[in-house]
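Q: Hi! Could you walk me through this protein, one piece at a time?

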Amino acid sequence: MIETEDAQGRLRNRRPIAVVDIGSNSVRLVIYEGLVRAPSILFNEKVQCGLGRGIAETGNMDEGAVRSALDALRRFRALADQGRVERLVVLATAAAREAGNGPAFIEEAERILGQEITVLSGREEALYSAYGVQSAFRAIDGVMGDLGGGSLEVVDMKGEAIGEGMTLPIGVIRLSERAGGELKQAVKIARQEIKRAAFLEGGRGRTFYAVGGTWRNLAKLHMANTGYPLHVTHHYEMDAERAAGFLGRVGRNNVEKMRGIGQVSRSRRSLLPYGAIVLAEIIRAMKPEKVVFSSAGVREGYLYGLLDEETRKRDALIEAAEELSILRSRSPRHARELAVWTGNAFRAFGIDETEDEARYREAACRLADISWRAHPDYRGDQALNVIAYGSFTQIDHPGRAYIALANYFRHDGLKNPTLAPEIRTITSDRIWERSRYLGAFFRVAYLFTAAMPGVIGDITWREKEDGSMELVLPRRLAELHGSRPLGRINQLSKVVGRPIALVVED
């Protein structure tokens, strides 16, 4: 028996870092594997304390909510120690910032945690939320909105530039209290407050990036009601114009009989109408083309802000795929070689790629061998599920489908056109076709390499004058020639629609 204290499923030389987020609605602890470009979560726990309740009326946080939060922080301190956290970051937002008893609460919380707490200003909260979106998306162009319990932060963003922004006092708890629980009044208040953010008019036809737990739960509910097959909220897209009916229904609190409401915790359900009202009013004022939901917010943005500039510029998708390759594949080096080889193959066959499609292909190569330990009959399903539902960022849902399907085809074959019918519904014909191309190239490559490095780079493609292709083996690899590779090459030929011959040359 192999005895080791730490599982090999953990990357070595990573020092856990944790963030405690003291929000107006919930208090949360997240322990990350390390301070890196694509941090993996080791532990995540949330307690719905409702610190923001009552502030609009009394000016103070409710005493029961404060006790609940302090109890949660005692547990979080113990969990951070148990998780061997080397650095603990504690952030507090609107409730602790604005309540009259906020300073006393912070003082007691710091005593319990043995750690200084950073109470974010509204401007800082908006900045770190914007950083969170920067960390998780590419080619950003629109407005970010982070809806918490106490406030809404909105910021105009384009690429790496963070533009005008402001904080509005219409978090879901505060809005419900200001409106006295009257939804029609909540609409009036939200509309009036959002008018103050005049820069929203410059977002017409762009994207609204929705951050925050209430909005993520709205996304889950929308998925369930539309029969959407990929239950991943990050980068889930909602057409802004078509969202009106759904948001109106939720905003009238007609949710208890909606499909998928069971996926929303009861503590969140009472806040959903207010989240829907704010989002509907944002859409009304901004007129974006679409709403895109983000899993990354203040916590991720704060960590992103701690990274050096070089690390920030790294591709989070490729970094995460590389880490999974190190943890699960037989040879990460082979996966990297495969990325180069398939890029050369696509060029040789005249298969064009967008910049994002090239990234997705490269990520797919790094993930092509992660299910090798599974039973052969289930490797395709396992690869598809791990990839399609993985915690990747900087990738949209069609991109997830591309990577997942390519690896599904690599294991389960190419003959059956009804493979993965649910995932097929979110892919374009172009993505479907390229996933089959890539899967077919994988099926050829692995029969020559046995998933080991040092071979595939020496096997090259050559186009003949008649348009047919040759896969050229160097003489030193001649014994790899055989009926099985020829069968896979014939499959590839049918997929790409070009004759292919296997030749051996000195």
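Here is a short chat about its domains and how they touch.

Q: What should I know before we start?
A: This is a predicted model, where local features need pLDDT of at least 70, side-chain atom pairs count only at pLDDT 80 or more, and totals for chains, interfaces and linings use all residues. Residues are numbered from 1 along each chain as its sequence is written, and side-chain values use heavy atoms, with hydrogens and water left out.

Q: Cool. How is the protein chain divided?
A: Into domain 1 (17-119), domain 2 (123-300) and domain 3 (316-504), with bounds from an automatic or database domain assignment.

Q: How many residues does the contact take from domain 1 and domain 2?
A: Domain 1 gives 22 residues and domain 2 gives 19, where contact means heavy atoms within 4.5 Å. The C-alpha centres of these two domains lie 23 Å apart.

Q: And what area is buried between domain 1 and domain 2?
A: About 1,600 Å², with carbon and sulfur atoms giving 45% of it. Buried area is the accessible area (1.4 Å probe) that two parts lose on being put together, summed over both. N25, R53 and A56 supply 26% of what domain 1 buries against domain 2, more than any other three residues.

Q: How many salt bridges are there between domain 1 and domain 2?
A: The count is 3; a salt bridge is a side-chain nitrogen of Lys or Arg within 4 Å of a carboxyl oxygen of Asp or Glu. The side chains of E125 and R97 also meet in a salt bridge, at 2.9 Å from N to O.

Q: New topic: how many salt bridges does the whole structure have?
A: The search finds 42. In one salt bridge, the side chains of D356 and R138 meet at 3.1 Å, N to O. D356 lies in helix α16 (residues 355-366) and R138 in the loop between α5 (122-136) and β6 (141-147), so the pair ties together parts that are 218 residues apart in sequence. Helices (H or I, at least four residues) and strands (E, at least two) are DSSP runs, numbered from the N terminus.
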